[in-house]
Amino acid sequence: MAALAASLALLTGCGDGGDEPEADPTPIIPSSSPAEPSPSESEAAEEEPPEMPNAAREESTAGAEAFIEHWTAAFNFATVTGDTASFDDLAADSCRACVNISSSLRDLYDRGGRIESAGWTVKQIGFASEDTADMPAVRFDRAKERVFRTEDAKPQVYRPEDMTYTFQLEYASTGWRVSELTEAS
């Protein structure tokens, strides 16, 4: 699991099934005394997990778009808190990348590490056709991230980045779920 990086050093290259996250190829060299996170980087850590809106439960392209927005909010919450329960609820058992992301986040926080970030923002969602909502390609804007591998570690800093992921979605009686997630090449 290497490209959905800091949050996504935790997610980048997430489709490979590896256990250890890999660092972004262009990290910023941290200073010897890291600055305190800005309020925007720590806001999500104080919030409750996001609730799925009713629109995200609709079996339509609009419902799939609302689901992707909700998935992003749950991912951002899990990234800055280590609480992956709401993120886990959005994945089908078959989503190996989702399991790897969740496991990596829990491991990081269990070691006393953390991620400071303003999170990911959905920039664009594209579908193969208006009739098919199950395979959207999603372009994200990832904010700068600071990943502390342990409580006392100096941070690895990741530059803001534009990235695209393809989601394989499946619809069930409770709504959409991610069954596969891959970084677009």
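This briefing walks through the fold, the core, the aromatic residues and the disulfide of the structure above. Please keep in mind that the model is predicted. The protein has 4 helices and 8 strands, and 45% of its 185 residues count as buried. A good place to start looking is Trp-71, a buried residue with a relative accessible area of 1%, which is listed with Phe-67, Phe-140, Phe-167, Val-178 and Leu-181 as having the most contacts inside the largest nonpolar core.

**Overall fold**

- Following the sequence from its start, you will meet the pattern β-α-α-α-α-β-β-β-β-β-β-β.
- Contacts across the sequence are well represented: taking those between residues at least 6 apart, 59% join residues at least 24 apart.

**The largest nonpolar core**

- This core has 36 residues, and Phe-67, Trp-71, Phe-140, Phe-167, Val-178 and Leu-181 are the ones with the most contacts inside it.
- At least two core residues come from each of helix H2 (61-81), helix H4 (96-110), strand S3 (120-126), strand S4 (137-142), strand S7 (161-172) and strand S8 (175-183).
- The largest share belongs to H2, which provides 8 residues.

**Helix H2**

- H2 is mostly covered, with 15 of its 21 residues buried.
- The length of H2 fits expectation: at 1.5 Å a residue its 21 residues should span 30 Å, and its end C-alpha atoms are indeed 30 Å apart.
- Just after H2 comes Gly-82, and its phi is positive, near 80°.

**Trp-71 and its aromatic partners**

- Leaving aside residues up to four places away in sequence, Trp-71 touches Phe-87, Leu-90, Phe-140, Phe-167, Val-178 and Leu-181.
- The structure holds 11 aromatic pairs. One of them joins Trp-71 and Phe-75 in a stacked arrangement, 5.4 Å centre to centre with 5° between the planes.
- Why can these two residues of H2 face each other? Trp-71 and Phe-75 are 4 residues apart in helix H2, so about one helical turn separates them. An α-helix has 3.6 residues a turn, so residues three or four places apart point the same way.
- Phe-75 is buried, with a relative accessible area of 0%, and Trp-71 is buried at 1%.
- Trp-71 also pairs with Phe-140, this time in a tilted geometry, 6.3 Å centre to centre with 45° between the planes. That pair links distant parts of the chain, since Trp-71 is in helix H2 and Phe-140 is in strand S4, 69 residues apart.
- Zooming out, Trp-71, Phe-75, Phe-87, Trp-120, Phe-140, Tyr-165 and Phe-167 form one aromatic cluster.

**Phe-140 in strand S4**

- Phe-140 has its place in strand S4 and is buried, because its relative accessible area is 0%, against a cut-off of under 20%.
- Beyond residues up to four places away in sequence, Phe-140 touches Trp-71, Thr-72, Trp-120, Thr-121, Val-122, Lys-123, Glu-161, Asp-162, Met-163, Tyr-165 and Phe-167.
- Its C-alpha atom is separated by 9.2 Å from that of Thr-72, although Phe-140 and Thr-72 are 68 residues apart along the chain.

**A charge over a ring**

- The charged end of Arg-114 sits over the ring of Phe-148, at 3.7 Å from the ring centre.

**The disulfide and Ser-179**

- The structure holds 1 disulfide, formed by Cys-95 and Cys-98 with their sulfur atoms 2.2 Å apart.
- Which hand does this disulfide have? The torsion about the S-S bond of Cys-95 and Cys-98 is about 65°, so the disulfide is right-handed.
- Both partners are covered: Cys-95 is buried, and Cys-98 is buried too.
- Cys-95 is also touched by Ser-179, whose contacts, not counting residues up to four places away in sequence, are Ala-92, Ser-94, Cys-95, Gln-168, Leu-169 and Glu-170.
- Ser-179 lies in strand S8, and at 11% relative accessibility this serine counts as buried.

Definitions and conventions
Residues are numbered from 1 along each chain as its sequence is written. This is a predicted model: local features need pLDDT of at least 70, side-chain atom pairs count only at pLDDT 80 or more; totals for chains, interfaces and linings use all residues. Side-chain values use heavy atoms; hydrogens and water are left out. A nonpolar core is a set of buried Ala, Val, Leu, Ile, Met, Phe, Trp, Tyr and Cys residues joined through side-chain atoms within 4.5 Å. Buried means under 20% relative accessible area, exposed over 50%, partly exposed in between (1.4 Å probe, protein chains only). Contact means heavy atoms within 4.5 Å. Rings of Phe, Tyr and Trp (its six-membered ring) pair if their centres lie within 6.5 Å; planes under 30 degrees apart count as stacked, over 60 as edge-to-face and the rest as tilted. A charge sits over a ring if NZ of Lys or CZ of Arg is within 6 Å of the ring centre and within 35 degrees of the ring normal. A disulfide is a pair of cysteine sulfur atoms within 2.5 Å. The expected span of a helix is 1.5 Å times one less than its number of residues.
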